[in-house]
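Visitor: I should like to go through this model point by point. Please reason briefly each time and finish on the value or name I ask for.

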Amino acid sequence: MATLIAPINHLPHEDAEALRKAFEGWGTDEKTVITILGHRNSNQIQQIRRAYEEIYQEDLIKRLESELKGDFEKAVYRWILEPAERDAVLANVALKSGKNYNVIVEISTVLSPEELFNVRRAYIKRYKHSLEEDVAAHTSGPLRQLLVGLVTAYRHVGDEINAKLAQTEAEILHEAVKEKKGSHEEAIRILTTRSKTQLIATFNRYREAHGTSITKKLLDEKSDDFQKALYTTIRTFNDHVKYYEKVVRDSIKKLGTDEDALTRVIVSRAQHDLKVISDVYYKRNSVLLEHVVAKETSGDYKKFLLTLLGKED
């Protein structure tokens with residue numbers, strides 16, 4: 001369930017004119033920016049972008065970049081991009097800013113095959129080279145094999161399950177997890193080629209056979225980037241809602257809020273399942289997500305995130 005509820009009847013030219021008025025005069029009217037953009041879905045925002053450029057011969061995104069600042073600007077910028085373009089930007093930033101390979105795994109495993117293909121196409125259009133090229137350039141060894149395999153996969157979507165295959169591959173994954181050294185290639189093959197339904201059946205078979213989840217003993221203080229990426233891959237395939245709840249929880253409980261992670265989850269899931277993620281967060285932490293966001297953030301950034309959460313400040 002989404003937290004964003006956009007108006008059915010909206011007039012993109014009127015929204016464009018209201019935004020233009022918000023930019024004029026002394027200082028920006030941030031409240032109007034939040035009221036309009038925070039209550040429009042992706043299709044409506046693209047209509048506003050086209051209307052704004054048609055009327056004023058100006059790129060709305062570039063104007064917003066010049067009018068807004070800090071975490072608020074970054075959140076609005078990512079929100080008004082088309083979903084595929086936003087994920088392309090998130091992937092590029094993750095690769096160039098360090099070792100945040102979780103973002104690459106999220107995009108590759110949570111999106112549908114068509115959505116992932118659209119991200120790869122948007123990436124090429126924006127950066128003039130492919131996502132898999134950049135992933136390969138920033139990684140090596142088993143990590144490279146896993147991530148390149150994930151971003152280039154086009155999986156079957158369906159309910160078919162091969163129970164015998166699930167049993168066999170559960171044991172292959174067991175060996176890979178137990179040894180943490182061997183069976184890399186087989187584990188990568190399974191995770192980058194099987195359908196999501198088949199993988200979940202394999203993970204369930206693992207739990208039945210070994211009495212614990214496959215990720216339980218996968219990580220420790222000695223885990224390398226490959227093992228961390230393997231862990232994230234299994235988590236996101238198995239239950240991406242619980243995975244995102246943990247991303248949000250970790251972004252807030254650290255010394256100083258991780259605004260990038262918090263923004264990423266809220267912006268990317270507001271039109272999909274942010275309400276479900278919020279409910280899981282409440283069950284896990286006995287506090288409403290919007291209350292924590294209100295406490296840990298401030299200013300227009302806080303107001304915008306709360307709007308996307310379906311709560312007004």
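Visitor: What area does the protein chain expose, and what percentage of it do carbon and sulfur atoms supply?
Guide: The model is a predicted one, and its surface values are computed from it. The exposed area of the protein chain is about 15,600 Å². Of that area, the part supplied by carbon and sulfur atoms is 49%.

Visitor: What is the mean pLDDT of the protein chain?
Guide: In this predicted model, 98% of the residues reach a pLDDT of 70 or more. Among the elements, helix 11 (residues 163–179) has the lowest mean, 89, and helix 8 (residues 113–127) has the highest, 98. For the protein chain, the mean pLDDT is 93.

Visitor: How many helices and how many strands are there in the protein chain?
Guide: Half of the question has a brief answer, since the number of strands is zero. The number of helices is 18.

Visitor: What is the radius of gyration of the protein chain?
Guide: The C-alpha atoms fill a box of roughly 65 × 45 × 35 Å along the principal axes. For 313 residues, a compact globule would have a radius of gyration near 20 Å. The protein chain agrees with that expectation, because its radius of gyration is 21 Å.

Visitor: Among contacts between residues at least 6 apart in sequence, what percentage join residues at least 24 apart?
Guide: One pair that links distant parts of the chain is Phe72 in helix 5 (residues 70–80) with Phe304 in helix 18 (residues 299–308), 232 residues apart. Among contacts in the protein chain between residues at least 6 apart, the percentage that join residues at least 24 apart is 69%.

Visitor: Which helix gives the largest share of the largest nonpolar core?
Guide: In soluble globular proteins, nonpolar side chains tend to be buried together. Here 50% of the 313 residues count as buried, and the largest nonpolar core has 93 residues, with Leu37, Leu64, Trp79 and Leu147 making the most contacts inside it. The largest share of this core is 12 residues, and it comes from helix 14 (residues 225–253).

Visitor: Which residue of helix 18 is in contact with Trp79 and also forms an aromatic pair with Phe72?
Guide: Leaving aside neighbours within four places in sequence, the contacts of Trp79 include Leu4, Leu37, Arg86, Val267, Phe304 and Leu308. The aromatic pair of Phe72 is edge-to-face, with 6.0 Å from centre to centre and 70 degrees between the planes. Both members of that pair are buried. The partner of Phe72 is Phe304.

Visitor: How many of the 10 residues of helix 18 are buried?
Guide: The buried residues are Tyr301, Lys302, Phe304, Leu305, Leu306, Thr307 and Leu308. They pack against helix 2 (30–37), helix 5, helix 15 (259–269), helix 16 (274–285) and helix 17 (289–296). Helix 18 is therefore largely enclosed by the rest of the structure, the number of its buried residues being seven.

Visitor: Is Ile214 buried or exposed?
Guide: Ile214 lies in the loop between helix 13 (196–210) and helix 14. Apart from neighbours within four places in sequence, Ile214 is in contact with Leu173, Val177, Phe203, Tyr206 and Ile234. Because its relative accessibility is 3%, Ile214 counts as buried.

Visitor: Is Arg50 buried or exposed?
Guide: Arg50 is placed in helix 3 (residues 42–56). Its C-alpha atom is separated by 8.5 Å from that of Leu60, 10 residues apart along the chain. Exposed means over 50% relative accessible area. At 54% relative accessibility, Arg50 counts as exposed.

Visitor: Which residue in the loop between helix 16 and helix 17 has a positive phi?
Guide: A positive phi also occurs at Lys128, near 65 degrees, in the loop between helix 8 and helix 9 (131–137). Lys128 counts as exposed, at 68% relative accessibility. In the loop between helix 16 and helix 17, a residue that is exposed at 62% relative accessibility has a phi near 55 degrees, and that residue is Ser286.

Definitions and conventions:
Residues numbered from 1 in each chain as written. Predicted model: local features only at pLDDT ≥ 70, side-chain atom pairs only at ≥ 80, totals over all residues. Heavy atoms only, no water. pLDDT = per-residue confidence, 0-100. Helix = DSSP H or I, 4+ residues; strand = E, 2+ residues; numbered from the N terminus. Core = buried A, V, L, I, M, F, W, Y, C linked by side-chain atoms within 4.5 Å. Buried < 20%, exposed > 50% of the residue type's maximum accessible area, 1.4 Å probe, protein only. Contact = heavy atoms within 4.5 Å. Phe/Tyr/Trp six-rings, centres within 6.5 Å; stacked < 30°, edge-to-face > 60°. Rg over C-alpha atoms; globule rule 2.2 N^0.38 Å. Areas by Shrake-Rupley, 256 points an atom, 1.4 Å probe, with all protein chains shown as cover.
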